[in-house]
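Biologist: I have a few labels to check against the coordinates. Can we go through them one at a time?

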Amino acid sequence: MRFFILSDLHLSKPFNGSVANNILKRLCREIRKDVELGATILFIFLGDIAFRGTVISFEYAKDCLDFIYSELNEYDVKFEFVPGNHDLATVSLTLFDEFVKTYGKDHSFQDKSTYSNEYAGMNFIFTDSNLTRDHSAPGKLDIESINREIKTDRKNLLFCHHALSHSHGDTHDTIEDSATVINRLNEIGINFFFHGHVHQADVTVPEKGMVEI
């Protein structure tokens, strides 16, 4: 199984949709070159599919995901999602949840911040980092809900929108009290932490402990 990260599409108008589809077309072309037919391909969206929670954003997103299905129709394509701060619509994730259940797991982030699925013998944990419901606030995690999804006999990969240490200097780039959160995530057994939000592709590999991507 292969998985690919997509994040921060910020779909807000036809131009954005066209640009996204051009990017996805190139990505799908490379996947077809590198992955044997019939394989499982997992796309993980790390938030900000929408732009400021608009309804039309999710309509453009449906076009993008249907495009992926069409381009990779000879593969077992799966989608997973976590919400970003721009996926909040009037301080709610209801629109986001309605979109997600069409393509991914029928899970309500509005009601429950975290769930997990197992892929290729690893535990993939998906969590909402928008618990303040304020799109301009720092991220916030429910550590205990994440801890409940930990599998001690598996590698545990955590996916959310906000970063831990990768930042452009804006307080809303990262999760609040990130040093404490990093220590706690290490304690409960998170091996890899994937995020979007900052529109860059940095990797932090400590001498020991959790890798941030």
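Biologist: How many disulfides does the count come to?

Modeller: Zero. Bear in mind that this is a predicted model.

Biologist: How do you know that cysteine 28 has no bond to the closest cysteine sulfur?

Modeller: That sulfur belongs to cysteine 64, and it is 11 Å from the sulfur of cysteine 28. A disulfide needs the two sulfurs within 2.5 Å. So the pair is too far apart for a bond.

Biologist: Why is cysteine 28 called buried?

Modeller: Its relative accessible area is 0%. Buried means under 20%, so cysteine 28 qualifies. Cysteine 160 is buried too, with a value of 0%.

Biologist: Which residues touch the most other members of the largest nonpolar core?

Modeller: Phe43 and Phe81, in a core of 44 residues. Helix 2, residues 55–71, gives this core its largest share, seven residues. Another core lies apart from it, with 15 residues, including Ile150 and Met210.

Biologist: What is phenylalanine 43 in contact with, leaving aside its neighbours within four places in sequence?

Modeller: Its partners include Phe4, Leu27, Ile68 and Phe79. Lys78 and Glu80 are also among them.

Biologist: What makes glutamate 71 and arginine 32 a salt bridge?

Modeller: Their side chains meet at 3.3 Å, N to O. The cut-off is 4 Å, so the pair counts as a salt bridge. Glutamate 71 lies in helix 2 and arginine 32 in helix 1, so the pair ties together parts that are 39 residues apart in sequence. The count comes to 12 salt bridges.

Biologist: Why is arginine 32 called partly exposed?

Modeller: Its relative accessible area is 37%. That class runs between 20% and 50%, so arginine 32 belongs there.

Biologist: How do you know that lysine 78 and aspartate 76 form a salt bridge?

Modeller: The N to O distance is 3.7 Å, and the limit is 4 Å. So this pair passes. Lysine 78 is partly exposed at 33%, and aspartate 76 is partly exposed at 31%.

Biologist: Aspartate 153 and arginine 154 meet in a salt bridge. Why is aspartate 153 called exposed?

Modeller: Aspartate 153 has 55% relative accessibility. Exposed means over 50%, so the label fits. Arginine 154 is partly exposed, at 31%. The bridge between the two is 3.2 Å, N to O.

Biologist: Which residues do salt bridges with shared partners join into one network?

Modeller: Glu118, Lys151, Asp153 and Arg154.

Definitions and conventions: Residues are numbered from 1 along each chain as its sequence is written. This is a predicted model: local features need pLDDT of at least 70, side-chain atom pairs count only at pLDDT 80 or more; totals for chains, interfaces and linings use all residues. Side-chain values use heavy atoms; hydrogens and water are left out. A nonpolar core is a set of buried Ala, Val, Leu, Ile, Met, Phe, Trp, Tyr and Cys residues joined through side-chain atoms within 4.5 Å. Buried means under 20% relative accessible area, exposed over 50%, partly exposed in between (1.4 Å probe, protein chains only). Helices (H or I, at least four residues) and strands (E, at least two) are DSSP runs, numbered from the N terminus. Contact means heavy atoms within 4.5 Å.
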